[in-house]
Amino acid sequence: GLPVRPPVPQPAPAPGPQLYDCNAGFANWRAGWAPTKKVWCCHHHGRGCAPAAPPSAPFDCNAGLANWQAGWSAAKKAWCCQHEG
């Protein structure tokens, strides 16, 4: 019979086309990248990923804002000033 030849190893497939340059504009990705670029770069390169949602705030700094000086507790004033200005 014919000798059995081992299969010829196939080269690894080339990476797909790079839809976006995930290094271009990375310093300002939050404001400068389109939403589709953020999703693509996050999925393919781990760049431009939105941070996890912050833990819920202990205070709603918009509630009672019109009367904050008289209506907010000292703790709420301190927290809102530190975290939301």
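Modeller: Start with a cut-off. A residue is buried when its relative accessible area is under 20%, exposed when that area is over 50%, and partly exposed in between. Keep in mind that this is a predicted model.

Colleague: Then is tryptophan 79 buried or exposed?

Modeller: Tryptophan 79 has 19% relative accessibility, so it counts as buried. Try phenylalanine 59 next. Its 26% relative accessibility makes it partly exposed. For the other end of the scale, take proline 35, at 62%, which counts as exposed. Cysteine 81 is exposed too, with a relative accessible area of 54%.

Colleague: What share of the residues of the protein count as buried?

Modeller: The protein has 85 residues, and 14% of them count as buried.

Colleague: Now the elements. How many helices and strands are there?

Modeller: The protein has four helices and zero strands. Read from the N terminus, the order is α-α-α-α.

Colleague: How do I read one face of a helix?

Modeller: General idea first. An α-helix has 3.6 residues a turn, so residues three or four places apart point the same way. Now the case here. Helix α2 covers residues 35-45, and its buried residues are Lys37, Trp40 and Cys41. Look down the axis of α2: these buried residues fall within an arc of 95°, so they line one face of the helix.

Colleague: Which exposed residues does the face of α2 turned away from its buried side carry?

Modeller: That face carries Pro35, Val39 and His43. After α2 comes glycine 46, with a positive phi near 70°.

Colleague: Which residues of α4 are buried?

Modeller: In α4 they are Lys76, Trp79 and Cys80. Down the axis of α4, the buried residues fall within an arc of 95°, so they line one face of this helix. The face turned away from them carries the exposed residues Ala74, Cys81 and Gln82. Just after α4 sits glycine 85, with a positive phi of about 80°.

Colleague: Which residues make up the largest nonpolar core?

Modeller: The general idea: in soluble globular proteins, nonpolar side chains tend to be buried together. In this model, the largest nonpolar core has five residues: Cys22, Trp29, Trp33, Trp40 and Cys41. Look at tryptophan 33. Set aside its neighbours within four places in sequence, and its contacts include Cys22, Phe26, Cys41 and Arg47.

Colleague: Lysine 37 puzzles me. Which side chain of opposite charge is nearest to lysine 37?

Modeller: Aspartate 21 is the nearest, at 6.1 Å. A salt bridge needs a side-chain nitrogen of Lys or Arg within 4 Å of a carboxyl oxygen of Asp or Glu. Lysine 37 has no salt bridge, yet it is buried. Leave out residues up to four places away in sequence, and lysine 37 touches Tyr20, Asp21, Cys22 and Ala24.

Colleague: On to the rings. How many aromatic pairs does a search of the whole structure find?

Modeller: The search finds five. One pair is phenylalanine 59 with tryptophan 79; it is tilted, with 6.2 Å centre to centre and 55° between the planes. This pair links distant parts of the chain, 20 residues apart. Phenylalanine 59 lies in the loop between α2 and α3 (68-71), while tryptophan 79 lies in helix α4 (residues 74-84). There is also an aromatic cluster, formed by Phe26, Trp29 and Trp33.

Colleague: How do I set distance along the chain against distance in space?

Modeller: Give both values for a pair. Proline 35 and glycine 48 are 13 residues apart in sequence, and 9.6 Å apart in space from C-alpha to C-alpha. Cysteine 81 and cysteine 61 are 20 residues apart along the chain, with 8.9 Å between their C-alpha atoms.

Colleague: Among contacts between residues at least 6 apart in sequence, what share join residues at least 24 apart?

Modeller: In this protein, 5% of those contacts do.

Methods:
Residues are numbered from 1 along each chain as its sequence is written. Side-chain values use heavy atoms; hydrogens and water are left out. Buried means under 20% relative accessible area, exposed over 50%, partly exposed in between (1.4 Å probe, protein chains only). Helices (H or I, at least four residues) and strands (E, at least two) are DSSP runs, numbered from the N terminus. The arc is that of the directions from the helix axis to the C-beta atoms. A nonpolar core is a set of buried Ala, Val, Leu, Ile, Met, Phe, Trp, Tyr and Cys residues joined through side-chain atoms within 4.5 Å. Contact means heavy atoms within 4.5 Å. Lys and Arg count as positive and Asp and Glu as negative; His and the chain ends are not counted. Rings of Phe, Tyr and Trp (its six-membered ring) pair if their centres lie within 6.5 Å; planes under 30 degrees apart count as stacked, over 60 as edge-to-face and the rest as tilted.
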